[in-house]
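Student: I have just opened this one and would love a friendly tour. Could we go through it together, step by step?

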Amino acid sequence: MNLPSNAAQPNLENSPFFEGALQEKLVLPKCKKCEFVIWFPREICPECGSQNVDWFEASGTGSIYSFTITRRIPGSWSKATPFVLAYVELDEGPRVMTNIVDCDLTQIRIGDRVEKVFEEAVDRDGENGPPLLRFRPTKS
Ligand SMILES: [Zn+2]
């Protein structure tokens, strides 16, 4: 089943990310002043404070920086256990808190290569939301 989640909502500052996601593209802002790649997408650089950003299509690939397997949890996520909560380090630099899906829980390791997958968010009320960025092991 899909993991439940309350997805982030599109707004004026992050709309290129969500427009890209609808086309299965990972579109991120990059600071034009210091070249920092910004996560979560917004039009201000957390490194230098510049509001001069460019949007570009990122590779959508990265590696697992850290992860945990959740086997018991209260609330709406309980039906989705076990699931993987992870930090993925994108090849462009940012570390993204996310889920690893379509994976063998006995095989997952730090450093594993992963690729983006956009899943439909389903909130507590069963309503569909904007796409969510998750990752799955890269098929080699
Ligand atoms: Zn900057």
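Tutor: Gladly! One definition to begin with: a residue is buried if 20 or more other C-beta atoms lie within 10 Å of its own, and exposed if 12 or fewer do. Please keep in mind that this is a predicted model.

Student: With that cut-off, what percentage of the residues of the protein chain count as buried?

Tutor: The test is the number of C-beta atoms around a residue, with 20 or more needed within 10 Å. Applied to the 140 residues of the protein chain, it gives a buried share of 21%.

Student: Which pattern do the helix and strands follow along the sequence?

Tutor: The protein chain has one helix and seven strands. Read along the sequence, they follow the pattern α-β-β-β-β-β-β-β.

Student: And what is the radius of gyration of the protein chain?

Tutor: For 140 residues, the globule rule gives 14 Å. The value for this protein chain is close to that, so it is as compact as a globular protein of that length; its radius of gyration is 15 Å.

Student: Which elements give two or more residues to the largest nonpolar core?

Tutor: That core has 18 residues, and L28, I38, I64, V88, I100 and V114 are those with the most contacts inside it. The elements giving two or more residues to this core are α1 (15-22), β1 (27-31), β4 (83-90) and β7 (128-137). In soluble globular proteins, nonpolar side chains tend to be buried together. So the names to remember here are α1, β1, β4 and β7.

Student: Which residues does I64 touch, leaving out those up to four places away in sequence?

Tutor: I64 is among the residues with the most contacts inside the core. Two others from that group, V88 and I100, appear in its list of neighbours. With residues up to four places away in sequence left out, I64 touches A86, V88, I100, I110, G111, D112 and V114.

Student: Within what arc do the buried residues of α1 fall?

Tutor: The buried residues in α1 are P16, F17, G20 and A21. Seen down the axis of α1, they line one face of the helix, because they fall within an arc of 135°.

Student: What is the phi of E24, and is E24 buried or exposed?

Tutor: E24 follows α1 and lies in the loop between α1 and β1. Its phi is positive, about 65°, although E24 is not a glycine. Within 10 Å there are 11 other C-beta atoms, and the limit for exposed is 12 or fewer, so E24 is exposed.

Student: What about E35: is that residue buried or exposed?

Tutor: E35 is found in the loop between β1 and β2 (53-57). Phi of E35 is near 70°, a positive value in a residue other than glycine. It has 12 other C-beta atoms within 10 Å, and 12 or fewer is the limit, so E35 is exposed.

Student: Where are the cis peptide bonds that run from W39 and from T81?

Tutor: The bond from W39 has omega near -5° and leads to F40, in the loop between β1 and β2. The bond from T81 has omega near -10° and leads to P82, whose place is in the loop between β3 (61-70) and β4. The two bonds are therefore W39 to F40 and T81 to P82.

Student: Finally, how far apart in space are S78 and E57?

Tutor: S78 sits in the loop between β3 and β4, and S78 is exposed, with 11 other C-beta atoms within 10 Å. In sequence, S78 and E57 are 21 residues apart; in space, C-alpha to C-alpha, the distance is 34 Å.

Key
Residues are numbered from 1 along each chain as its sequence is written. This is a predicted model: local features need pLDDT of at least 70, side-chain atom pairs count only at pLDDT 80 or more; totals for chains, interfaces and linings use all residues. A nonpolar core is a set of buried Ala, Val, Leu, Ile, Met, Phe, Trp, Tyr and Cys residues joined through C-beta atoms within 7 Å. Helices (H or I, at least four residues) and strands (E, at least two) are DSSP runs, numbered from the N terminus. Two residues are in contact if their C-beta atoms, placed from the backbone, lie within 7 Å. The arc is that of the directions from the helix axis to the C-beta atoms. The radius of gyration is taken over C-alpha atoms; the globule rule is 2.2 Å times the number of residues to the power 0.38.
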